[in-house]
Every structure is written in structure tokens, then in C-alpha cells.
Amino acid sequence: MKLIEEIKLNNGLKLRIYDLSRSIAADTVKVEISFRTNVSLKESFFSNTEDYVLVKNIKGDELAYEHTFERTFVSKNNEDSTREELIGTFKNNSLNYLSSV
């Protein structure tokens, strides 16, 4: 697992992007990218205090968010462009959402 990038979001969260890619065969790879951050648990996330307390007792003060994109049997020649495509897709589709948590 290799840290590719760390992004500080407007809401104070730090999004870490990891490369978990690996070779499958001599000329192909599995490109796998993991996006991770920790979110502080807040009572305002819940409609009632009982649910907040229940989750806090089970999970603690922080929740982990992780999303993974992967493509299998990618030609080694296309590994870098596939990695960039997956990262770009996540940033375009999910970064605004994560910034608003």
C-alpha cells in the first residue's frame, strides 16, 4: 500500500489516497485505489440521542470512511492512465460530498 496523495478538505478532514495495485500476470495488473478518511462522530448526525450514544458506544468517537475503485487485467502500458482515471472519477463525483460532511 502506497500513499499517493493527501488532500485537506474544506471541512478539516484529510482524505488519503492509496495505491494498492499489483501485478496479475507478466503483462497485466490489477489497478486498485483506496480513498480513506476518519470522520469525528457528532450527535448532529443522528435524529435522536439514543442512536448517537449507541453508535458511539460501539464505534467510538471516530468513524472510518473507505471507498475503493479497481480495474482488473489492465495492460501494464495502461496502468498509469487507468490509475489517474479512477482517481479523477472519485474526485469529480465524491469530493464535494466529503467536503460537506
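**Entry 1. Elements and T82**

I take helices and strands as DSSP runs, numbered from the N terminus; a helix needs at least four residues and a strand at least two. The model I am reading is predicted. I looked up T82 and found its place in helix α2. Is T82 buried or exposed? Its relative accessible area is 8%, and the cut-off for buried is under 20%, so T82 counts as buried. I then listed what T82 touches, leaving out residues up to four places away in sequence: V31, R71 and V74.

**Entry 2. Aromatic rings**

I describe a pair of aromatic rings by the distance of the centres and the angle of the planes. I found four aromatic pairs in the structure. One of them is F35 with F69, where the ring centres are 5.8 Å apart and the planes stand at 75°. The cut-off for edge-to-face is over 60 degrees, so I file F35 and F69 as an edge-to-face pair. Which elements does this pair tie together? F35 belongs to strand β4 (residues 28-40) and F69 to strand β5 (residues 62-75), so the contact joins parts of the chain 34 residues apart in sequence.

I checked the accessibility of each partner. F35 has 0% relative accessibility and is therefore counted as buried. F69 comes out at 21%, which puts this residue in the partly exposed class. I also followed the ring pairs onward and noted that F35, F69 and F90 are linked into a cluster.

One more ring went into the notebook, this time with a charge. The charged end of R36 sits over the ring of Y18, at 5.1 Å from the ring centre.

**Entry 3. Salt bridges**

Side chains of opposite charge can pair when their charged atoms come close. How many salt bridges does the structure hold? I count 10 salt bridges.

I looked at K91 and E5 in detail; their closest N and O atoms are 3.0 Å apart. K91 is in helix α2 (residues 79-99) and E5 is in strand β1 (residues 2-8), which makes this a link between distant parts of the chain, 86 residues apart. K91 is partly exposed at 27% relative accessible area. For E5 I also read 27%, again partly exposed.

Next I took E70 and K30, a salt bridge with its closest N and O atoms 3.7 Å apart. Here E70 of strand β5 is joined to K30 of strand β4, distant parts of the chain with their positions 40 residues apart in sequence. Their accessibilities fall into separate classes: E70 is partly exposed at 43%, while K30 is buried at 12%.

I noted K56 and D61 as well, whose side chains form a salt bridge with an N to O distance of 3.2 Å. K56 is partly exposed, at 32% relative accessibility. Last under this heading, I recorded a network of salt bridges that links D19, E79, D80 and R83.

**Entry 4. The ends of helix α1**

I inspected the start of helix α1 (residues 49-59), where a side-chain oxygen of N48 comes within 3.2 Å of the backbone nitrogen of E50. Just after α1, I found G60 with a positive phi of about 90°.

**Entry 5. F73**

I flagged F73 for its backbone: phi is near 55°, a positive value in a residue that is not glycine. F73 belongs to strand β5. I read a relative accessible area of 60% for F73, which is therefore exposed, the cut-off being over 50%.

**Entry 6. The β3–β4 hairpin and S23**

How do strand β3 and β4 pair? I found three bridges between β3 (residues 22-25) and β4, in the antiparallel sense. The two strands form a hairpin, and two residues lie between them. In this pairing R22 stands opposite K30 in β4. I had already entered K30 as the partner of E70 in a salt bridge.

I then turned to S23, which has its place in strand β3. S23 is partly exposed, with 47% relative accessibility. Setting aside residues up to four places away in sequence, I list T28, V29 and K76 as touched by S23. With K76 the contact is polar, side chain to side chain, at 3.2 Å. I also looked up the C-alpha distance from S23 to V74: 9.3 Å in space, with the two residues 51 apart in sequence. V74 was on my list for T82, among the residues T82 touches.

Methods
Residues numbered from 1 in each chain as written. Predicted model: local features only at pLDDT ≥ 70, side-chain atom pairs only at ≥ 80, totals over all residues. Heavy atoms only, no water. Phe/Tyr/Trp six-rings, centres within 6.5 Å; stacked < 30°, edge-to-face > 60°. Buried < 20%, exposed > 50% of the residue type's maximum accessible area, 1.4 Å probe, protein only. Lys NZ or Arg CZ within 6 Å of the ring centre and 35° of its normal. Salt bridge = Lys/Arg side-chain N within 4 Å of Asp/Glu carboxyl O. Contact = heavy atoms within 4.5 Å. Polar contact = N/O pair within 3.5 Å; in protein donor to acceptor, adjacent residues only side chain to side chain. Pairing = 2+ DSSP bridges.
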